[in-house]
Structure formats: C-alpha cells, structure tokens
Amino acid sequence: ASQDGGNTERAISRIREQGLHERLMLESDLLRALERQEFELHYQPQVSLTTGKVVGAEALVRWRHPERGLVSPALFLPLAEESGAIVPMGRWVLEAACDAAREWARLGFAHVRVGVNISGRQFKPESFVPMIRSVLSASGLPPSQLDLEVTESVTMQDIDTCAAMLRELRELGLTTSLDDFGTGYSSLTYLKRLPFHTLKIDQSFVRNSHVHPHNAAIVEAISQMGRQLGLQLIAEGVEAIEELNLVRAAGCHEMQGYYFSKPLPFNDFIALLVSGRIL
Ligand code: C2E
Ligand code: CA
Ligand code: CA
Ligand code: CA
C-alpha cells in the first residue's frame with residue numbers, strides 16, 4: 001500500500017488505460033484513413049552523378065490528417081507495422097507509386113523510375129511476388145520503372161528464401177535496392193549472396209562525412225566494395241556541397257538528399273521534371 005492511499009497507482013493505471021485506448025483508436029484510425037484516402041506520397045528526386053539529371057524518385061508516404069495536418073511516417077509507421085495495417089497500406093503505396101510513374105511516362109519521362117519502401121510484414125515468400133505481379137499488371141507500368149527498397153532487417157530472416165525472392169523480382173524485370181546500408185549487421189558474404197541491384201548508403205554515414213573522417217572512410221569503403229560486387233550505389237541524405245563532392249569522388253552513381261531537393265508533392269515533382277533542372 002502506498003502512502004497516498006493508492007492515488008498514485010490509480011493515476012498510473014488510468015494513464016496506462018488511456019495509452020492503450022489511444023493506441024486502439026490509432027490503429028483503427030489508420031485503416032479508416034486508408035479508406036478515406038488520407039495518405040499521399042511525396043517524391044524525393046534521385047539524381048545521376050554523371051549527367052546531373054533526375055533519374056528516379058523515392059516515394060515517401062505522408063498522412064494528411066484532417067486535424068493534425070501532414071503527419072510524418074515516423075509517427076504512424078511503427079504503429080502500422082505493429083498492427084499489420086502496413087500490409088494494406090503498403091499495397092496502396094505501391095499502387096499509387098505505379099500510377100505516378102505511369103503519369104511521368106505519359107508526360108515524356110519514361111526513364112524516371114519510382115522507388116517504393118517495402119516493410120518486412122509485406123515481404124513474405126507466399127504473398128509478396130504474386131502481389132507485385134498483380135499490382136504491376138493492373139497498373140500497366142513497365143517493371144523496369146519500378147524499384148523496391150528493402151532494409152537489411154527485412155532480408156535477414158532466411159537468406160536462401162530472400163535470395164530466391166530477389167531473383168524472381170529480377171526476372172519480372174524490376175530492380176531492388178538494399179536500403180539504409182551499413183546500419184544493420186549483414187556480412188559481406190551475405191551481401192554477395194543476395195542479388196540486389198542497388199545499395200543505398202545510409203544517410204548517417206553521408207551526413208557530415210566531410211567533417212568526420214570516419215564517416216568518409218565508411219562511405220569510401222562501402223562504395224569500393226559495392227562497385228566490386230557490380231552494384232549501383234546511391235548516396236542518401238546529401239545536404240551539403242562538400243558531401244556531394246565526397247560521394248561523387250567515392251564513385252557513387254546517384255545522390256538523393258536535401259542538397260538537391262526535399263521530398264515533393266506529386267505536382268511539384270512533375271514541375272521539377274518539366275523544368276529540366278539538373279544538379
Ligand atoms: P528512408 O527509406 O531511409 O527514407 C529517407 C528519409 O530520409 C525520408 O524521411 C526523407 O525525407 C529523409 N531525407 C532524405 N534526404 C534527406 C536529407 O538530405 N537530410 C535529412 N535530414 N533527411 C533526408 P521520411 O519521408 O520521414 O521517411 C522516413 C522513413 O519512413 C523512411 O526512411 C522509410 O523507412 C519509412 N517510409 C516512408 N514511406 C514509406 C512507405 O511507403 N512504406 C514503408 N514501409 N516505409 C516508408
Ligand atoms: Ca528508403
Ligand atoms: Ca534509407
Ligand atoms: Ca531509414
């Protein structure tokens with residue numbers, strides 16, 4: 001028994017109940033938001049370091065909440081993952097991204113590919129490749145315009161199964177990227193066995209690589225290894241000209257980051273393409 005006659009315990013349990021209540025609300029909110037089409041995609045340009053041209057865009061989900069405004073994925077994705085809402089949401093993201101890329105092609109930008117983030121709960125051997133096949137054929141997007149980004153944690157579970165899925169996706173004609181590379185625990189042997197097309201060097205190494213020699217060394221080592229394995233290399237999170245120069249000198253093929261552009265709403269991304277702006 002506590003000194004305040006149980007007031008504290010009651011308060012704590014009330015908070016816990018409210019916490020739980022809020023969570024349940026939010027889970028159903030996510031599915032309702034999906035039905036009400038409150039999610040939208042923003043597109044962050046990916047730029048060739050040889051030509052300076054926009055060659056792709058990563059689709060990043062946002063929640064246009066009726067009261068809270070534009071909500072960042074950091075605030076709702078953990079819940080979406082935990083509750084499983086990420087599966088229908090992820091399918092919607094894929095469909096919307098394919099539609100967007102179709103529109104770019106219609107406007108004369110058929111070479112601009114769209115990158116879609118895939119969660120571990122979507123990347124299941126039984127269902128993932130058939131889902132991709134069905135979304136692609138419904139949209140009519142040429143598979144070569146689609147890139148799928150998965151993180152190391154997604155691929156860690158069973159390397160042989162994962163390798164088989166990546167091969168199937170490659171046979172479908174699309175590309176796959178290993179996202180946030182360097183932040184997980186995968187060994188180089190492991191990387192060699194997984195037929196990814198692209199490595200995305202994590203922004204934590206790129207950011208301030210010009211002031212932290214260790215970061216620069218990591219970017220250079222990853223680039224050298226990636227090139228030797230025949231992988232495409234994208235440097236993420238490039239914010240400053242010094243970082244740009246460093247990733248270019250390291251031999252990265254493409255960059256993505258605020259230095260060129262933040263993620264843009266659909267219309268703004270099209271305006272950027274039409275403007276022909278280069279790096
Ligand atoms: P990510 O896949 O690593 O995406 C890159 C994140 O870095 C994006 O944050 C982007 O806005 C941000 N970023 C890009 N360039 C810079 C830069 O130069 N400086 C800084 N400081 N940040 C930069 P965002 O849009 O908040 O997305 C966060 C994460 O949410 C993504 O990280 C991804 O893991 C996840 N995510 C976003 N959309 C989806 C989606 O549709 N499905 C799934 N499964 N995950 C998604
Ligand atoms: Ca990503
Ligand atoms: Ca990333
Ligand atoms: Ca990330």
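**Ligand 1 and a calcium site**

Mentor: Asp180 (OD) and Asp180 (OD) are the protein donors of the calcium ion (ligand 4), at 2.7 to 3.1 Å from it. This is a predicted model, where local features need pLDDT of at least 70 and side-chain atom pairs count only at pLDDT 80 or more. Residues are numbered from 1 along each chain as its sequence is written.

Trainee: Why are these Asp180 atoms called donors of the calcium ion (ligand 4)?

Mentor: Donors are N, O and S atoms within 2.8 Å of the metal, or 3.2 Å for Na, K and Ca. The Asp180 atoms lie 2.7 to 3.1 Å from the ion, so they meet the Ca limit. Water is not among the atoms, so the site may look incomplete.

Trainee: What makes the approach of glutamine 203 to ligand 1 a polar contact?

Mentor: A polar contact is a pair of N or O atoms within 3.5 Å. A polar side-chain atom of glutamine 203 lies 2.7 Å from an oxygen atom of ligand 1. Tyrosine 258 places a backbone N or O atom 2.8 Å from an oxygen atom of the ligand, and valine 61 has a backbone N or O atom 3.1 Å from a ligand nitrogen atom. Those distances are within the limit, so the pairs count.

Trainee: Which residues come nearest to ligand 1?

Mentor: Of 21 residues around ligand 1 (a heavy atom within 4 Å), Gln44, Arg62, Gln203, Glu239 and Tyr258 come nearest.

Trainee: Which strand gives the most to that shell?

Mentor: Strand 2, with 4 residues; strands are DSSP runs of E, at least two residues, numbered from the N terminus.

Conventions
Chains lettered and ligands numbered in written order. Heavy atoms only, no water. Polar contact = N/O pair within 3.5 Å; in protein donor to acceptor, adjacent residues only side chain to side chain.
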